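Colleague: Could you take me through one part of this model closely, please? I'd love a single connected account, with the cut-offs spelled out as you go.

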Amino acid sequence: AVMLALYAALVPPLMIFLPTLPNFIVDYCGPTSEGKTTTLRFAASAWGCPDERSGGLIRSWDATRVWIERTAALLGHLPLFLDDTKRARRPEEVARVLYDLANGIGRGRGSVSGTRDMGRWRTVLLTTGEAPATSFTNDGGTRARTLSLWGSPFGGGGVETGMAVRRITEGVLRNYGHAGPRLIRWLLDAPDASEQVDARYKAARDRWEAPTNGNAVAGRAAQYVAGLEVAQWALHEVLGVPRPVADPLLHAWTAVCGASVQADRASDALRDLLSWAVSHQARFFGRQSSTGYLDAVPHAGWLGAWASDDGWD
């Protein structure tokens, strides 16, 4: 799961050659002090200083919506890192920022002399929080654009996890800013870079979309996993970074399955309705507890009729 964050941080510059790959969000959520911020530092170290305490690339959610939008426009094809959603000024701001960044275009604004140019970006947002970022909104579109990874990125707490977190933190605070620029240099110098990136993305997209069975949300999220797979290939095969023992993309696919369920708001509404009806069975005709009709009529009247058999038609 930690390595997956590094893949996500390397996706934005690849988007130059992948016009159909949408912006998306990778959200690390779970209990505090289990390595989420360290994971963010690990990913940010690909591009520059990951120390949020000394003006590094990681920023807090305690920022205005306009600042985040303009920073995304300034970065262009680079990732954005926001730590700890609970520090957002207002909960609804989290939902708005997620949608703005996934949309890839800033708000239209006027000025005394006319209209201002709207910022545009192709990016991946990496964010952390104790609660899933999607919990701040009921919008299915935002959920479809977010891969939420719940729990400790390091697999749990304990002494070994604490030691691993400290070693990684010490390492990335001393060594940073190498992988990203090397990837950019390869994209600029390799004569067939665009063809390789495009071909690998299309093959990966077709492979990940195959098991979605036409589910629109899962099919969209499969594109994110395909983008992550291209970044995985670039990191290990082009830049020569050793591969991890386990495949981080399996974590991403788990998040895809979760996103496809959460984004189906119609099914959620139906489940809520069914749960509510079951808890109020006595107020449906045919489910009353009394054998006498007049005695069983609820004070506010029947909510509806509920047949006692299994036939719904």
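Modeller: Gladly! Let's begin with helix α1 (residues 2–14), which lies across β1, β3 (80–83), β6 (124–129) and β7 and runs at about 145 degrees to β6. Contact here means heavy atoms within 4.5 Å. Axes are lines fitted to C-alpha atoms, for helices over the stretch in contact, and angles run from 0 to 180 degrees between N-to-C directions. Helices (H or I, at least four residues) and strands (E, at least two) are DSSP runs, numbered from the N terminus.

Before going on, please keep in mind that this is a predicted model, where local features need pLDDT of at least 70, side-chain atom pairs count only at pLDDT 80 or more, and totals for chains, interfaces and linings use all residues. Residues are numbered from 1 along each chain as its sequence is written, and side-chain values use heavy atoms, with hydrogens and water left out.

Now to the sheet beneath that helix description. It is an open sheet of 5 strands in the order β2-β3-β6-β1-β7, with parallel pairing; two strands pair if DSSP finds at least two bridges between them. At the edges stand β2 (58–60) and β7 (146–150), and because each has a single partner strand, one side of each is left without a neighbour in the sheet. From one strand to the next, the twist averages 20 degrees. The partner of β7 is worth a look: β1 (residues 24–29) runs parallel to β7 and is joined to it by 5 bridges. One pair to find on screen is D27 with its bridge partner in β7, S148.

Just ahead of that edge strand is R145, in the loop between α5 and β7. R145 is buried, with a relative accessible area of 18%. Buried means under 20% relative accessible area, exposed over 50%, and partly exposed in between (1.4 Å probe, protein chains only). Leaving aside residues up to four places away in sequence, R145 touches F24, I25, A102, R220 and Y224.

The loops that follow β3 and β6 bring us to charged side chains. Side chains of opposite charge can pair when their charged atoms come close. K86 forms a salt bridge with E130, and their closest N and O atoms are 3.1 Å apart; a salt bridge is a side-chain nitrogen of Lys or Arg within 4 Å of a carboxyl oxygen of Asp or Glu. K86 lies in the loop between β3 and α4 (91–103), and E130 in the loop between β6 and α5 (140–144), so the pair ties together parts that are 44 residues apart in sequence. K86 is exposed at 56% relative accessible area, whereas E130 is partly exposed at 35%.

A second charged pair to look at is E92 with R90, where the closest N and O atoms are 3.5 Å apart. E92 counts as partly exposed at 35% relative accessibility, and R90 is partly exposed too, with a relative accessible area of 42%.

For context beyond the sheet, the whole structure has 14 salt bridges. Among them is D189 with R185, the closest N and O atoms being 3.4 Å apart. Both D189 and R185 lie in helix α7 (residues 179–189), 4 residues apart, which is about one turn of the helix. To return to R90 and E92, salt bridges that share partners join them with E93 and R96 into one network.
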